[in-house]
Amino acid sequence: MLTGYQTPASIRRIGARRLETWLRNRKVIRAHQLAEKAVEAADRQHTSLPGEKLAARMVHTLAKEVMDLNQEIDELDKLIEARFRDHYTFEVITSMPDLGVILGAEFLAATGGDMSFFGTPDRLADFGGVAPVPRDSGKISSSLRRPQRYNRRLQRVFYTSAMFSIRYCEESPRFTIASGPRASVTPKRSSPLPVAESTFCGIFCAMDGAINPCLLPLSRLDKHH
């Protein structure tokens with residue numbers, strides 16, 4: 001809307017009905033509500049400042065640049081998807097719950113797609129920073145803490161996919177409910193992870209344990225060929 005109408009006076013002149021049509025022609029979501037709110041706000045603002053026209057031109061330029069950037073991001077996402085589809089691990093990675101094309105491509109970029117480098121799901125989880133690490137010293141044992149050195153990009157993939165999985169995947173709520181009684185206990189001060197984060201870690205560690213055995217044979221097969 002800011003690419004066409006930047007001032008209250010211009011919004012009042014076009015009116016709610018024509019503004020709604022203008023927005024619909026540009027495929028704006030909920031154009032009716034946006035047009036009504038814009039006209040309602042414009043009706044309450046009748047004060048015109050000396051620099052209003054200059055500010056309107058600046059807003060128009062900035063809004064157009066943002067739209068151009070969004071278009072470039074969409075085109076870049078399409079290029080990433082096309083390149084990712086050519087990879088031999090595409091079907092396996094995208095078969096994981098809520099690990100779509102973009103997150104799958106980020107997972108591939110963070111790990112290199114070679115699961116033989118990690119060997120076990122536990123090492124992959126440790127590399128992604130979703131598993132607590134020991135902090136034993138002398139007679140102190142079984143002391144766990146948050147990891148400090150890990151791959152931030154891979155952890156973001158795990159966290160984001162787990163959040164989407166909790167909301168949209170049917171299996172994730174079952175896992176959360178099953179682990180509810182244990183997670184309801186208040187953690188001690190020395191606990192390495194909070195309750196909510198422990199539930200997240202449990203979900204994407206389960207994903208980690210599923211994706212690693214699937215990709216490991218493919219990695220070995222790719223090396224032989």
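**Reading the helices and rings of a predicted chain**

From the N terminus on, the elements run α-α-α-α-α-α-β-β-α-α-α-α. This is a predicted model, where local features need pLDDT of at least 70, side-chain atom pairs count only at pLDDT 80 or more, and totals for chains, interfaces and linings use all residues. Residues are numbered from 1 along each chain as its sequence is written, and side-chain values use heavy atoms, with hydrogens and water left out.

Student: How many helices and strands does the chain have?
Tutor: Go by DSSP runs numbered from the N terminus: H or I of at least four residues for a helix, E of at least two for a strand. On that basis the chain comes to ten helices and two strands.

Student: What share of the 225 residues is buried?
Tutor: Buried means under 20% relative accessible area, exposed over 50%, and partly exposed in between, with a 1.4 Å probe and protein chains only. For this chain's 225 residues, the buried share is 32%.

Student: Is leucine 79 buried or exposed?
Tutor: Leucine 79 sits in helix α3. Its relative accessibility is 60%, so leucine 79 counts as exposed.

Student: Which helix gives the largest share of the nonpolar patch?
Tutor: Patch residues have over 30% relative accessible area and no salt bridge (a side-chain nitrogen of Lys or Arg within 4 Å of a carboxyl oxygen of Asp or Glu); like charges are joined within 9 Å, and nonpolar side chains (Val, Leu, Ile, Met, Phe, Trp, Tyr) within 5 Å. Here Leu76, Leu79, Ile80 and Ile102 make a patch of about 350 Å², with areas from the Shrake-Rupley method and a 1.4 Å probe, only the protein chains shown counting as cover for residues. Three of the patch residues come from residues 52-85, helix α3.

Student: What kind of pair do phenylalanine 84 and phenylalanine 90 form?
Tutor: The structure holds three aromatic pairs; rings of Phe, Tyr and Trp (its six-membered ring) pair with centres within 6.5 Å, and planes under 30 degrees apart are stacked, over 60 edge-to-face, the rest tilted. Both of these phenylalanines, 84 and 90, are buried. Their ring centres are 5.0 Å apart and the planes at 75 degrees, so the pair is edge-to-face.

Student: How many residues apart in sequence are the parts tied together by phenylalanine 107 and phenylalanine 158?
Tutor: Those two form a tilted pair, 6.5 Å centre to centre with 55 degrees between the planes. Phenylalanine 107 is in helix α5 (residues 101-111) and phenylalanine 158 in helix α7 (residues 152-168), so the parts tied together are apart in sequence by 51 residues.
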